[in-house]
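Thanks for sharing this one with me. Here are a few notes to read alongside the picture, starting with the cysteines.

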Amino acid sequence: MSTFTIDTATSRATPSPVPGKRMTVPAIRARKVDGTTAEPLVMLTAYTMRMAQLLDPHCEMLLVGDSLGQVIYGLPSTVPVTLEMMCAHGAAVVRGSWHALVAVDMPFGSYEGSPEQAFASASRVMKETGCAAVKLEGGEAMAPTIAFLAQRGIPVIGHVGLTPQAVNTLGGYGARGKSEAEAKKIVGDACAVAEAGAFCVVVEGVMETIADEVTAAIAVPTIGIGASARCDGQVLVTEDMLGLFERTPRFVKRYADLASEIGAAAALYRDEVRGRAFPTDAQTYRPKG
């Protein structure tokens, strides 16, 4: 069955409504049985309705990442991202999807102060977007907050290893876990957030052996990004995967080169406009008869 129907009033593709078919938190959690996930989970980022439509049929989860700060807004890091940004883009992604579970990142400063602050922020995100879960960064220190949210009906995805919101503390985006002490801390952080109630845990930018150890140590699925092929799932920033930026991070595989295709299309349009080859009769309105 086609994922899309055409709205004749707007000539836009809209998701086909399939009640009850959207992925759920229990369904994601249940993919890992006795420490093993037979079929890895697929997650990609999405920030807009149209991108959500295109990605939705292929993913178990869509993440409205605070990476939108850099990808959409050209900010230097994720730190300046606001709740208002996350809510606006989260709502768009929910409207553009029907199958994937949609999770929204909690931006820096919206949850670290206290469990109560985190609940106020997370409940706002869920009310305004219709998403099914939130994601927050941090390990053992955030475990009480994750427990507080989970006990009050807010599903949480954990995030350990390289945590971009802490870039100023970490001193950059390099891989984590190169020292024995840091490696031990990352594993401990993952165990703490899983035990607190996170239904899955993103493991980012860590040495491969650490990701493997985390995946074996916790009962909930791990979602790797710059981690290990043996994680229970994988996530990438979609724009990186599609080749929309010149720089490709080490942990990204380019599956397309859309930047070049867009540039070529824009150049062709430019040439046709300047040469008066566009618009043609096919793109203009004339009286009938």
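1. Let's begin with C200. In this predicted model, the closest cysteine sulfur to that of C200 belongs to C231 and is 11 Å away, which is too far for a bond. C200 also counts as buried, because its relative accessibility is 0%.

2. C87 is worth a look too. Its closest cysteine sulfur is in C131, and the 8.3 Å between the two sulfurs is too far for a bond. With 3% relative accessibility, C87 counts as buried. A disulfide needs two cysteine sulfur atoms within 2.5 Å, and the count for this model comes to zero.

3. Now find the barrel. Eight strands close into it in the order β5-β6-β7-β8-β9-β10-β11-β12, with parallel pairing. From one strand to the next, the twist averages 25°.

4. Where does β5 meet β12? Strand β5 (residues 41–45) pairs with strand β12 (residues 233–236) in the parallel sense, over four bridges. Within this pair, V42 of β5 stands opposite Q234 in β12.

5. Next, look at helix α8, residues 180–196. This helix lies across β9 (156–161) and β10 (200–204), and runs at about 170° to β9. Helix α8 also gives nine residues to the largest nonpolar core, the largest share of that core.

6. Which residues touch the most other members of that core? Among its 80 residues, they are M61, L62 and L101. Leaving aside residues up to four places away in sequence, L101 touches several residues, including M23, V25, I28, M61, L62, A132 and F199. Try picking out L101 and tracing these contacts for yourself.

Key
Residues are numbered from 1 along each chain as its sequence is written. This is a predicted model: local features need pLDDT of at least 70, side-chain atom pairs count only at pLDDT 80 or more; totals for chains, interfaces and linings use all residues. Side-chain values use heavy atoms; hydrogens and water are left out. Two strands pair if DSSP finds at least two bridges between them. Helices (H or I, at least four residues) and strands (E, at least two) are DSSP runs, numbered from the N terminus. Axes are lines fitted to C-alpha atoms, for helices over the stretch in contact, and angles run from 0 to 180 degrees between N-to-C directions. Contact means heavy atoms within 4.5 Å. A nonpolar core is a set of buried Ala, Val, Leu, Ile, Met, Phe, Trp, Tyr and Cys residues joined through side-chain atoms within 4.5 Å. Buried means under 20% relative accessible area, exposed over 50%, partly exposed in between (1.4 Å probe, protein chains only).
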